[in-house]
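Q: Please take one part of this protein and look at it closely. Go strand by strand, and explain each term when it comes up.

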Amino acid sequence: RESDHRGWTPVSCTVTRQNATVQGLTEGKAYFFRIAAENIIGMGPFTETTKEIVIRDPITVPDRPEDLEVKAVTKNSVTLTWNPPKYNGGSDITMYILESRLIGKEKFHRVTKEKMLDRKYTVEGLKEGDTYEYRVSACNIVGQGKPSFCTKPITCKDEIAPPSLDLDFRDKLIVRVGEAFSLTGRYSGKPAPKVTWLKDDIVVKENDRTKIKTTPTTLCLGVLKSVRDDSGKYCVTVENSTGSRKGFCQVSVVDRPSPPVGPVIFDEVHKDHMIVSWKPPLDDGGSEITNYIIEKKDAHKDIWMPVTSATVKTTCKIPKLLEGREYQIRIYAENLYGISDPLISDEMKAKDRFRVPDAPEQPTIKNITKDSAVVVWNKPYDGGKPITNYIVEKKETMATRWVKVTKDTIFPSTQFKVPDLLEGCEYEFRVSAENEIGVSDPSPPSKPIFARDPIAKPSPPVNPEAVDKTKNSVDLSWQPPRHDGNGKIIGYLVEYQKVGDEEWKKANLTADSCPETKYKVTGLTEGLTYKFRVRAVNAAGESEPAHVPDPVEVKDRLEPPELILDANMAREQHVKAGDTLRLSAVIKGVPFPKVSWKKEDHEVSPKADIEITGVGSKLEIRNTVHEDGGIYSLTVENPAGSKTVSVKVVVLDKPGPPRNLQVSEVRSDSCYLTWMEPEDDGGSVITNYVVERKDVASAQWVAISSSSKKRSHIAKYLIEGTQYLFRVAAENQYGRGPYVETPKPIKAIDPLHPPGPPKNLHHIDVDKTEVSLVWNRPDRDGGAEITGYLVEYQEDGADDWTKFQTVPMLDCVVTGL
């Protein structure tokens, strides 16, 4: 029950647990509660709460404040704002605590000691350049809640703000002529922005009618008594160092239109009606023409009668005319803002007047090519009936017969491209007009034209330069123009000017005297400096001049020699014996150098032909032989220096004879030949050697080897006892060289050696003055029969042996001992 009520209200009678939730209570009211137990017999007594209970949420500390923001920053202060916590903890907020931390430090410090309930605070007395972060927490009766999220680091410096712009006008503004208008708005920004007004991208300047007023927060452009020229796109720009903002307004100053443009054209004239046309006003007053008002008047009366006031076309039928009367027509233009002054026609008589059209005026010819031309003419008077066709004719100027250029209808165009002309022929053209009455007389013939592609003046020559000079002349060179104007370049005009003078003088009087892209300007004064320029000329005229980039001082030029070697002056030149040797080079230098040829530092052979021209030199030797090979040198020399180049010439020929042919290891059926390579290989690698033998009794040489690459050979299959001669020649790709021959015959026999020592020498008898000796034959006889035995004796202790005698048998008695 409520504390101020006596009646109890049941909450639940089905609770089986020892707790229950009471719902539907009113916050802030006080209640008593009681509870009783119940079984199948019945309900027991109630137990009541001892004191009243006030219904409210449990009280805690507040949540963290929200949306902590930095509103302003200067060099010594920071202004912050925040929103209260979403939940105050069940108790009102008593104050806020703002804390700051210097970046680089760990702890937060309370900013203010006084009690603060406002949610905006300016922290002052800060040091310029220091960087802080801030947080704020809320307090209630329970205590201090969690701090808010920290701000980003804030550096103390004067605040800058990009410009803002709030305009009072829309994108478009329409103003009547004579009325005033103004464009206003507000702006802001730090530092204070600059305000600029533009009209059609041109800065607006103040005058008697145009006023500009700008305050620190507002801007205004006012125009008094506006005129049509005040129409345009207006732009206001607000700009400071942080950026800019722009606003635009399209202002249209409107007025009634100007009069329609005359004259009034009488397109058709009949006895009872006319058809007239005109041109729209030059100025529609800034608003679309809504209609034209057409009136007619009998020329002898003063009353204007309406014809129509509801047409937007620029043509109108004037009905209900009396035949033979003269009429005037007047026409007004109308828009949303008024009616123009009238356009009044000349007088015109109402009568039928149909006839063939007038002859067109003389046509003009344009866009002429080698096979076509465009004929252009003006529309003639149509004779009262609309023109339905034009007839274009052509003829060669020397011919008498005109020919139609096409069978097709030419209408409504007043020009026609005539095809199929013959290049180089001269043509005239004429035009006739046709309506339903008939064909007009032809126009006067056009001016004669030649069928050829149009010619324009050429572009200037390209890259003119001075390529040579002497003490009284300068040689010029250039490239042809990039564009010849479709005409043949007749030639070039060369002009020169002494530095300091204003007058240009002609080096050649007519272009055809310089058809090439070079020219020598003569008659100049030594030591003076000149400028030069060149023009190209075709049938259409002269091009713009092309100038030689730098002035030229007229004096003899001195250039050191220069050799440009031809391919035959490479480091090594091979020529086959019997062929012709040619050495050549291009020579440059001013003055032209002295030329000399040498071979191995000596004069070249008299058989050599030497030619020297103004641009180079050539040496030629016909029917070369091996001795023509060697180091050839070409020297060019002038006062500015000298230059020498050398080339090794190899005359390719058969090799020379091999050297030092020797025979060794002679046997009864073979011998061993050795030799050395030729001193001269003929300029080509030795490919093989040819070895031959000959019996001294025979005149015929027999080849025993023709492909040996070695410098030795074993001659086999000799006949024992026969005497032989041997010879060897070397071969390369150019042939076989001369032979080298053994100086004396070689006999095919096995070689002789000394026999072996006799065996088993012993004595068989001794006397006081003699000794009898015997021995056996030696094991080897050395290849020949033994002819005797030499017996020697030696006294014991002596160093020398004494010869006794040579005996043929295997015994001997040595006497005289």
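### Strands and their partners

A: Strand β56 (residues 671-676) and β59 pair in the antiparallel sense over 4 bridges. Leu673 stands opposite His713 in β59. This is a predicted model, where local features need pLDDT of at least 70 and side-chain atom pairs need 80 or more, while totals for chains, interfaces and linings use all residues. Residues are numbered from 1 along each chain as its sequence is written, and side-chain values use heavy atoms, without hydrogens or water. A strand is a DSSP run of E with at least two residues, a helix a run of H or I with at least four, numbered from the N terminus. Two strands pair if DSSP finds at least two bridges between them.

The pair of β56 and β59 belongs to an open sheet of 3 strands. Its order is β55-β56-β59, with antiparallel pairing. β55 (659-664) and β59 (712-715) are the edge strands, so called because each pairs on one side only. Neighbouring strands here are turned by 15° against each other on average, direction ignored. The axes are lines fitted to C-alpha atoms, and angles run from 0 to 180 degrees between N-to-C directions.

Now step back along the chain to β53 (residues 630-638). In this strand, 7 of the 9 residues are buried (under 20% relative accessible area with a 1.4 Å probe, protein chains only; exposed is over 50%, partly exposed in between). β53 has two partners to look at. With strand β54 (residues 641-652), β53 pairs antiparallel over 9 bridges. Gly630 faces Val649 in β54. These two strands form a hairpin, with 2 residues between them. The other partner is strand β49 (residues 594-599), antiparallel to β53 over 6 bridges. There Lys594 stands opposite Glu637 in β53.

Another open sheet has 4 strands in the order β46-β48-β52-β51, and the pairing is antiparallel. Its edges are β46 (559-565) and β51 (609-612), each pairing on one side only. From one strand to the next, the twist averages 20°. At one end of the order, β51 and β52 (residues 616-621) run antiparallel and are joined by 4 bridges. Ile612 stands opposite Ser617 in β52.

What holds such sheets together? Strands of a sheet pair through backbone hydrogen bonds, either parallel or antiparallel.

Strands also line a space further along the chain. The second largest pocket holds about 460 Å³. A pocket is an open set of points on a 1 Å grid over the protein atoms alone, where a 1.4 Å probe fits, with protein on both sides within 12 Å along at least five of seven lines; lining residues have an atom within 4 Å of a point. Its volume is the space filled by probe spheres set on the points, which are joined across faces, edges and corners. Of 22 lining residues, Leu761, Leu773, Leu790, Val791 and Glu792 are the closest to the centre of this pocket. β64 (759-766), β65 (771-776) and β66 (789-793) each supply at least two lining residues. β66 gives the most, with 5.

Finally, the UniProt record, an unreviewed entry, annotates Fibronectin type-III domains, including residues 657-751 and 757-817. Positions follow the numbering used here, feature names are shortened, and annotations may be inferred rather than shown by experiment. Residues 757-817 are 0% helix and 48% strand, with end C-alpha atoms 24 Å apart.
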